[in-house]
Amino acid sequence: MRQRSWSIAAYTLALLGVLMLPGLVALHQIPQETPLAPITFEKSLESVRSLYPHSQILTGVPDVLNHQLTYRYRIRTPGGHLRHVYIATATGRILANQPLTNPSSASSTAQYPTSLKAKAIQIASQAVGGGQVATVRTMSEDHGKTYIVELMLTNGQYAKIHVNPQLSEILSVQLDTGDH
């Protein structure tokens with residue numbers, strides 16, 4: 001009997017040794033908490049204001065760029081140009097500073113859109129004198145597929161244009177001065 005209990009004890013210790021391999025123990029550790037971003041939204045806003053002192057800041061939202069957490073700001077320069085500025089939350093560095101393209105100032109290929117959606121955007125942009133596309137939604141109606149194109153105009157207003165691109169027809173235009 002005594003010999004059997006020793007072999008059970010040896011077997012148990014051997015089994016515990018196998019189960020407690022360093023790799024297996026690491027799988028069951030509780031992950032550490034992720035620290036909060038060292039750069040606050042207010043500090044990143046100050047950076048954007050110092051970079052573009054006379055520009056209007058339209059939006060500021062958390063975003064991800066190249067697998068990094070950032071604050072993304074949409075600004076309008078004194079010349080009326082729209083830009084996105086990305087500030088890294090971990091370092092406060094500017095990761096990107098990109099101009100936003102304006103569909104109304106696109107090249108001559110925009111005169112001949114290749115899809116109904118592109119045609120709807122072109123018609124809507126021409127109806128209000130250009131702007132940055134915010135959203136495009138499709139609607140089905142009795143007379144075919146129509147689109148609601150929302151544009152951010154250079155004066156800060158939003159325009160909602162209901163378009164039937166198949167008939168090259170503007171069904172309605174609504175201006176909204178509030179935020180989205």
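The following paragraphs walk through two sheets of a predicted model, together with the helices that lie against them. Residues are numbered from 1 along each chain as its sequence is written, and side-chain values use heavy atoms, with hydrogens and water left out. Because the model is predicted, local features need pLDDT of at least 70 and side-chain atom pairs count only at pLDDT 80 or more, while totals for chains, interfaces and linings use all residues.

One open sheet has 4 strands in the order β1-β2-β3-β4, paired in the antiparallel sense; strands here are DSSP runs of E with at least two residues, helices are runs of H or I with at least four, and both are numbered from the N terminus. Two strands pair if DSSP finds at least two bridges between them. At the edges stand β1 (56–65) and β4 (94–99), each with a single partner strand, so one side of each is left without a neighbour in the sheet. The twist from one strand to the next averages 20 degrees, where axes are lines fitted to C-alpha atoms, for helices over the stretch in contact, and angles between N-to-C directions run from 0 to 180 degrees. Between β1 and β2 (residues 68–76) there are 9 bridges, and T59 stands opposite R74 in β2. Helix α3 (residues 41–51) lies across β1, β2, β3 (82–88) and β4, at about 45 degrees to β2, with contact meaning heavy atoms within 4.5 Å.

Another open sheet of 4 strands, also with antiparallel pairing, follows the order β5-β6-β7-β8. Its edge strands are β5 (132–141) and β8 (169–176), each of which pairs on one side only, and neighbouring strands are turned by 15 degrees against each other on average, direction ignored. Strands β5 and β6 (residues 144–152) pair over 9 bridges, and T138 stands opposite Y147 in β6. On this sheet packs helix α4 (residues 116–128), which touches β5, β6, β7 (158–164) and β8 and whose direction makes about 50 degrees with that of β6.

Moving on to β7, we find that Y147 has V163 as its bridge partner in this strand. The hairpin of β6 and β7 has 5 residues between the strands, and G156 in the turn has a positive phi of about 95 degrees. In β7, 6 of its 7 residues are buried, that is, under 20% relative accessible area, whereas exposed means over 50% and partly exposed lies in between (1.4 Å probe, protein chains only). Strands β7 and β8 are joined by 7 bridges, with K160 opposite Q174 in β8.
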